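Subject: Structure handover

Hello,

Here is the structure for you to load. My notes follow below it.

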Amino acid sequence: MEANVVVPYQSFSTVLSMRNRKINTNYYKYKKISSCSICCVLTKPLTSSHNHSNYVYKDNWFDHLAINHLSQSIQATTGLRNNKSGYEGLVEAARVVYVNFNSTHQVNLVVEALQRAFPKPILSLLKMLLPQSKWAREYCAAFTKVFFAWLVGPCEVKESEFNGRRENNVVHIKKCRFLEEINCVGMCTNLCKMPSQLFIKDTLGMPVNMVPNFDDMSCEMIFGQDPPPPDTDPAFIQPCYKLCKLSNKHLRDCNSQMKKKDVES
């Protein structure tokens, strides 16, 4: 436990730690604290760069079926098995991909696993029935909200402007279940963002840009929008969490580590 000082800042009450640590000066400013203005509270020490969710997942039979099917598809693609079940088994299958393959192979393996998980004839039929249109973009957003909450957590469809018109083509993931479990920026970008964007574009002909927010672990899937190249995508210059759940200690951000590993491979 530690004592923290509550200092009013404009219309907000900002909690500043009494420990000497770096603060973003664009948002907060140190103030000289007099004895009469100190109000101390006891809080737990910060253990990560984000707050853990109190949301409890109650997977139903369909959720369990989908989770295990995707987990087995990844394991069959890599040839590396684990004995865990449920979402824990899915996360472990993803972790094994991340620690054993370079970033290019990671993306390709997950795309292959997704192709294995979803029958190609159905995907081909959907691609034929869903040409680029407002209806197709809104359908993809609604479908994702209803049928993929088991993977990413609770989400909602939001409106955005597309070519001068308002459309319900954005899926807002309130707090990504996968990112919260793995607690690793590199696994998010290499095992979810990149392969999902490629898979959806290649199989359905639908461009989608996934925009993760690593501060609150939310994410937006913008259907109909092409993602930026990785070398200009802000997601790929984000440093990893201090308490990344991978066993190795990060001396640099995960994505930089993967690029370095690619060169060495």
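I start with one residue pair in the sheet. Pro 212 has Cys 219 of strand 7 as its bridge partner. A second pair in this region matches Val 208 with Phe 223 of strand 7. Please keep in mind that this is a predicted model.

**The sheet**

Strand 6 and strand 7 (residues 218–223) run antiparallel and are joined by 6 bridges. They belong to an open sheet of 4 strands. The strand order is 4-5-7-6, and the pairing is antiparallel. Which strands stand at the edges? Strand 4 (155–162) and strand 6 (208–213) do. Each has a single partner strand, so one side of each has no neighbour in the sheet. From one strand to the next, the twist averages 30 degrees.

Helix 5 (residues 134–147) packs on this sheet. It touches strand 4, strand 5 (165–173) and strand 7. The direction of helix 5 makes about 20 degrees with that of strand 5.

At the other end of the strand order, strand 4 and strand 5 pair over 7 bridges, in the antiparallel sense. Cys 155 stands opposite Ile 173 of strand 5.

**The two hairpins**

Strand 4 and strand 5 form a hairpin with 2 residues between them. In its turn, Asn 163 has a positive phi of about 50 degrees.

Strand 6 and strand 7 form a hairpin with 4 residues between the strands. Met 217 lies in that loop. Its phi is positive, near 65 degrees, and the residue is not a glycine. Most residues other than glycine have a negative phi. Is Met 217 buried or exposed? Met 217 is buried, because its relative accessible area is 0%, and the cut-off for buried is under 20%.

**Helix 8**

Helix 8 covers residues 185–204, which makes 20 residues. From first C-alpha to last, it reaches 27 Å. The span expected at 1.5 Å a residue is 28 Å, so the two values are close. Helix 8 does have a kink of about 30 degrees, centred on Pro 195.

How many residues of helix 8 are buried? The count is 17 of the 20, so helix 8 is largely enclosed by the rest of the structure. Thr 189 is in helix 8. At 0% relative accessibility, Thr 189 counts as buried. Thr 189 also ties this helix back to the pair I opened with. The C-alpha atoms of Thr 189 and Pro 212 are separated by 8.6 Å, and the two residues are 23 apart along the chain.

Helix 8 lies across strand 6 and strand 7. It runs at about 160 degrees to strand 6.

Both flanks of helix 8 have a residue with positive phi. Ahead of the helix, Asn 183 sits in the loop between helix 7 (177–182) and helix 8. Phi of Asn 183 is near 55 degrees, a positive value in a residue other than glycine. Asn 183 is buried too, with a relative accessible area of 3%. Just after helix 8 comes Gly 205, with a positive phi of about 70 degrees.

**Helix 4 against helix 8**

Two packed helices are described by the angle between their axes and the distance between the axes. For helix 4 (residues 120–129) and helix 8, the axes come within 8 Å and cross at roughly 70 degrees. That crossing makes helix 4 roughly perpendicular to helix 8. On the helix 4 side, Leu 123, Leu 126 and Lys 127 make the contact. On the helix 8 side, Phe 199, Asp 202, Thr 203 and Leu 204 do.

**One residue in helix 1**

Ser 73 lies in helix 1 (residues 61–78). Ser 73 is buried, at 5% relative accessible area. What is Ser 73 in contact with, leaving aside neighbours within four places in sequence? The partners are Ala 113, Arg 116 and Ala 117.

**The chain as a whole**

The secondary structure comes to 9 helices and 7 strands. The chain has 265 residues, and 42% of them are buried. Take the contacts between residues at least 6 apart in sequence: 60% of these join residues at least 24 apart.

Best wishes

Notes:
Residues numbered from 1 in each chain as written. Predicted model: local features only at pLDDT ≥ 70, side-chain atom pairs only at ≥ 80, totals over all residues. Heavy atoms only, no water. Bend = angle between axes of the 7 residues up to and from the residue. Buried < 20%, exposed > 50% of the residue type's maximum accessible area, 1.4 Å probe, protein only. Pairing = 2+ DSSP bridges. Axes fitted to C-alpha atoms, helices over the stretch in contact; angles between N-to-C directions. Contact = heavy atoms within 4.5 Å. Parallel < 35°, antiparallel > 145°, perpendicular 65-115°, else oblique.
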